[in-house]
Amino acid sequence: MKTKAKTLILASALVPTLAFAWPWSTDMMNQPNIKPQEGTPALFPKRSIPVMGNPTKIKNREESENLKNPYEATEASLKKGKKLFKIICGACHGLTGLADSPVSPKIGAINLTEEYVQDMLTEGWIYGTITFGGAIMPAYGVPGPQGGSNDLSPEERWHVVNYVKNQLAKDAAAAPVAGAN
Ligand code: HEC
């Protein structure tokens with residue numbers, strides 16, 4: 001008798017978990033939603049999928065040295081360049097290029113407002129540096145040894161070059177506190 005009662009309790013404890021799925025236990029699953037593989041897939045936003053870089057005709061920085069910048073340093077170009085500079089270059093070189101970001105000394109990112117970059121490097125060389133990267137700097141136009149990306153299209157790279165050469169040093173000089181703007 002005792003064993004029978006025990007078996008009954010045990011059986012009744014197990015039964016619901018094995019046999020029942022209450023109707024409301026699937027409510028969440030069956031709410032109106034889009035199921036996997038259902039309908040036409042939404043198009044991915046532009047440039048959200050990595051591809052093998054933008055087609056870049058030149059092969060390396062040496063070949064880029066004497067390239068002419070096809071985009072004039074207009075107000076619109078400088079504005080685009082500045083925005084991209086702050087997003088991409090600022091992390092290492094500082095928001096105004098003064099090499100004053102917390103990362104700058106660790107990685108050895110140079111001050112871009114000094115004579116070396118402003119007067120000695122050609123626009124083409126800077127374009128090439130952005131495209132192919134440097135000894136440490138990553139590439140932004142081709143997949144590179146340091147894990148390059150195609151984050152910047154050729155046009156965007158030239159806008160950044162325009163900004164670096166024409167307005168970066170002025171912005172840096174006008175900044176009340178280094179890197180504050
Ligand atoms: C991940 C950090 C990092 C980022 C981001 C970065 N740089 Fe650099 N950059 C460096 C370092 C480090 C150096 C110096 C060593 C070298 O040449 O790689 C350098 C050097 C340079 C040089 C000098 C090249 C030469 O021939 O001496 C230029 C010009 C330059 N960067 C421009 C830029 C511009 C413009 C951007 C944004 C598109 C940028 N950098 C983004 C780290 C970075």
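**Notebook: pocket lining and iron site**

I sorted the residues that line the largest pocket by type and found 22 nonpolar, four polar and one charged. The model I am reading is predicted.

**Entry 1: the pocket.** I looked up the volume of the largest pocket, and the space in it is about 540 Å³. I then listed its lining, which has 27 residues; H93, I110, L112, T129 and M137 are the closest to the centre. I also asked which helices supply at least two residues each to this lining. They are α3 (75-93), α5 (115-120), α6 (123-132) and α7 (154-166). Of the helices, α3 gives the most, with five residues.

**Entry 2: the iron.** I next examined which residues coordinate the iron atom of the ligand. H93 does so through NE2 and M137 through SD, at 2.0 to 2.1 Å. I noted where the two sit in the chain: H93 belongs to helix α3, M137 to the loop between α6 and α7, and 44 residues separate this pair, which links distant parts of the chain. Both H93 and M137 also appear among the lining residues closest to the centre of the largest pocket.

I checked the geometry of the site as well. The iron atom has six donor atoms, the angles among them run from 87 to 180°, and the site is octahedral. For reference, I recorded that the ideal angles for six octahedral donors are 90 or 180 degrees.

**Entry 3: burial of the two ligating residues.** Are H93 and M137 buried or partly exposed? H93 has 10% relative accessibility and therefore counts as buried, the cut-off being under 20%. M137 has 26% relative accessibility, so this residue counts as partly exposed.

**Entry 4: N69.** I located N69 in the loop between α2 (61-64) and α3. Its relative accessibility is 17%, so N69 counts as buried. I looked up two contacts of the N69 side chain. One reaches the backbone nitrogen of Y71 at 2.9 Å. The other is a polar contact of 2.8 Å with the side chain of N162.

**Entry 5: the whole chain.** I closed with the overall composition. The secondary structure of the protein consists of eight helices and zero strands, and along the sequence the pattern reads α-α-α-α-α-α-α-α. The protein has 181 residues, of which 32% are buried; I have H93 and N69 noted as buried.

Definitions and conventions: Residues are numbered from 1 along each chain as its sequence is written. This is a predicted model: local features need pLDDT of at least 70, side-chain atom pairs count only at pLDDT 80 or more; totals for chains, interfaces and linings use all residues. Side-chain values use heavy atoms; hydrogens and water are left out. On a 1 Å grid over the protein atoms alone, a cavity is a set of points where a 1.4 Å probe fits but cannot get out, and a pocket is an open set with protein on both sides within 12 Å along at least five of seven lines; lining residues have an atom within 4 Å of a point. Grid points are joined across faces, edges and corners, and a volume is the space filled by probe spheres set on the points. Helices (H or I, at least four residues) and strands (E, at least two) are DSSP runs, numbered from the N terminus. Ala, Val, Leu, Ile, Met, Phe, Trp, Tyr, Cys and Pro count as nonpolar, Asp, Glu, Lys and Arg as charged, and the others, Gly among them, as polar. Donors are N, O and S atoms within 2.8 Å of the metal (3.2 Å for Na, K and Ca); water is not among the atoms, so sites may look incomplete. Four donors count as tetrahedral if all angles lie between 85 and 135 degrees; four count as square planar and six as octahedral if opposite donors are over 155 degrees apart and all others between 65 and 115; anything else is irregular. Buried means under 20% relative accessible area, exposed over 50%, partly exposed in between (1.4 Å probe, protein chains only). A polar contact is a pair of N or O atoms within 3.5 Å; within protein, one must be able to donate a hydrogen and the other to accept it, and residues adjacent in sequence count only if both atoms are side-chain atoms.
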